[in-house]
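Let's take a walk through this one together. Have the sequence and the 3D view open, and follow along section by section.

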Amino acid sequence: MAMITTVQGHIQKNISEASGTFGWLMSGITLATKMIEAKIRAAGLSDIYGAFGQQNVQGEQQQKLDVFANQALMNCLGTRESVAALVSEEDEQPVMFDRSLDTGKYIIVFDPLDGSSNIDVNVNVGTIFSVHKRLTWGSLEESVLQPGLKQVAAGYVLYGPSTVLVYTTGDGVHSFTLDPTIGAFVLSEENMKMPAKGPYYSVNDSSVATWPAGYAEYVQAMRDDGYSARYIGSLVADFHRTLLKGGVFLYPPNKHKAGGKLRLLYEANPLSFIAEQAGGKASSGTGRIMDIKPTQIHQRTPFIVGSKHEMELFEKAMTA
Ligand code: AHM
Ligand code: MG
């Protein structure tokens, strides 16, 4: 019988420092995402497609599954003693727990169901998470607003034809596939590397006319160079393809949205951490994503991420 490695086993083996605490925290994420995946698989059966009838703090229609996904993560992580605060895309304010510095060591930031407008059409969605250590000084608010380079772990779960979990703790990128027969995420690839160059560019170019200088020329150069286009409109899925196949994904700023659309804390930062760990790069158009010092939990940032080659071309295009 072949031996399998679960996420828990992997953490136990690879992270010496506080592996028990961190493993227990990750088990909150794997449990919640398994609940979310089960709900998604049943979506067509149980009339949970569609809007919940409320708008979230970003003024977007909340989907029923958004609400479920948020509650699943809140419940599964809130009970972990090591959690000091939970920050969700769906909640205006962080949820703070009254736990001492010794116990409540971690801050978890997450987008519970990214790309949820795609659920109705049976297209991939995902959960993205980012873990910070609570600062031993200052307020909990200050701990929540740390730059991406301070992340101690980050990852995502992609609910696709199979359910895949990808995570890093700063020691490479590892992927796991949910085996539905045993209900566990099983190691599928260790130390993933993004190809140094890829075949695709990925962007919604509907607002190309209002992109800042450099972006349109860059994307046109990709076309002229024989690149093919791919765009799903679900960040986790677009990112996962970029991680595996290489190339570049862009969500540029435009005249109406100077910060683009994507959020720094729970979209750009965790995916940048993974991209860099896999040998890729991530930029806001003006610098490295993970260097940005956040001022607000829901702040947005232009987000350009991909293979080393395409990112170097992008950086050149921005300085030209
Ligand atoms: P959401 O968090 O409300 O689901 O929005 C984020 C999604 C991303 O998954 C995706 O990259 C982007 O929105 C697509 O935006 P657009 O439709 O403007 O191309
Ligand atoms: Mg999102």
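What follows is a short tour of the sheet, the ligand site and a few residues and elements worth picking out.

## The main sheet

First, keep in mind that this is a predicted model. Its eight-stranded sheet is open and mixed in its pairing, and the strand order reads β4-β3-β5-β6-β7-β8-β9-β10. The edge strands are β4 (95–96) and β10 (184–189); each has a single partner, so one side of each is left without a neighbour in the sheet.

At the β4 end, β3 (residues 83–88) runs antiparallel to β4, and two bridges hold the pair together. If you want a spot to click on, Ala-85 has Met-96 of β4 as its bridge partner. Helix α3 (residues 64–78) lies across this part of the sheet, over β3, β4, β5 (106–114) and β6 (125–133). Relative to β5, helix α3 runs at about 160°.

## Tyr-156, inside the sheet

Strand β7 (residues 151–159) is where you'll find Tyr-156. Is Tyr-156 buried or exposed? Its relative accessible area is 0%, and the cut-off for buried is under 20%, so Tyr-156 counts as buried.

Its list of contacts, leaving aside neighbours within four places in sequence, includes Thr-127, Ile-128 and Phe-129, as well as Val-164, Leu-165 and Val-166. Further along the chain, the contacts of Tyr-156 include Val-236, Phe-239, His-240 and Leu-243, plus Leu-271 and Ile-274. With His-240 there is also a side-chain to side-chain polar contact, at 2.7 Å. From Tyr-156 to Asp-114, 42 residues apart along the chain, the C-alpha separation is 9.9 Å.

## Around ligand 1

Which residues come closest to ligand 1? Of the 16 that surround it, the closest are Asp-114, Asn-204, Tyr-231, Leu-235 and Tyr-251.

Oxygen atoms of the ligand have several polar atoms of the protein close at hand. A backbone N or O atom of Leu-235 sits 2.7 Å from one ligand oxygen, while Lys-261 brings a polar side-chain atom to 2.8 Å from a ligand oxygen. Ser-116 has a polar backbone atom 3.5 Å from an oxygen of ligand 1. As for cover, ligand 1 on its own has 470 Å² of accessible area, and the protein covers 83% of that.

## Asp-205 in its loop

Asp-205 belongs to the loop between β11 (200–203) and α5 (215–224). With a relative accessibility of 35%, Asp-205 is classed as partly exposed. Beyond its neighbours within four places in sequence, Asp-205 touches Trp-211 and Arg-223. The C-alpha atoms of Asp-205 and Tyr-251 are 9.1 Å apart, with their positions 46 residues apart along the chain.

## β15 and its partners

Strand β15 (residues 303–306) is covered on both faces: Phe-303 and Val-305 are buried on one side, and Ile-304 and Gly-306 on the other. Antiparallel pairing links β15 to β13 (residues 247–251) over four bridges, and here Leu-250 faces Ile-304. Strand β14 (residues 281–283) also runs antiparallel to β15, joined by three bridges. In that pair, Lys-281 is matched with Gly-306.

## Helix α7

Why call helix α7 (residues 264–277) largely enclosed? Twelve of its 14 residues are buried, so the rest of the structure wraps around most of it. Among the buried ones are Leu-264, Tyr-266, Pro-270, Phe-273 and Ala-275. After α7 comes Gly-279, with a positive phi near 95°.

Notes. Residues are numbered from 1 along each chain as its sequence is written. Chains are lettered from A and ligands numbered from 1 in the order in which they are written. This is a predicted model: local features need pLDDT of at least 70, side-chain atom pairs count only at pLDDT 80 or more; totals for chains, interfaces and linings use all residues. Side-chain values use heavy atoms; hydrogens and water are left out. Two strands pair if DSSP finds at least two bridges between them. Contact means heavy atoms within 4.5 Å. Axes are lines fitted to C-alpha atoms, for helices over the stretch in contact, and angles run from 0 to 180 degrees between N-to-C directions. Buried means under 20% relative accessible area, exposed over 50%, partly exposed in between (1.4 Å probe, protein chains only). A residue is near a molecule or strand if one of its heavy atoms lies within 4 Å of it. A polar contact is a pair of N or O atoms within 3.5 Å; within protein, one must be able to donate a hydrogen and the other to accept it, and residues adjacent in sequence count only if both atoms are side-chain atoms. Accessible areas come from the Shrake-Rupley method with a 1.4 Å probe; for residues, only the protein chains shown count as cover.
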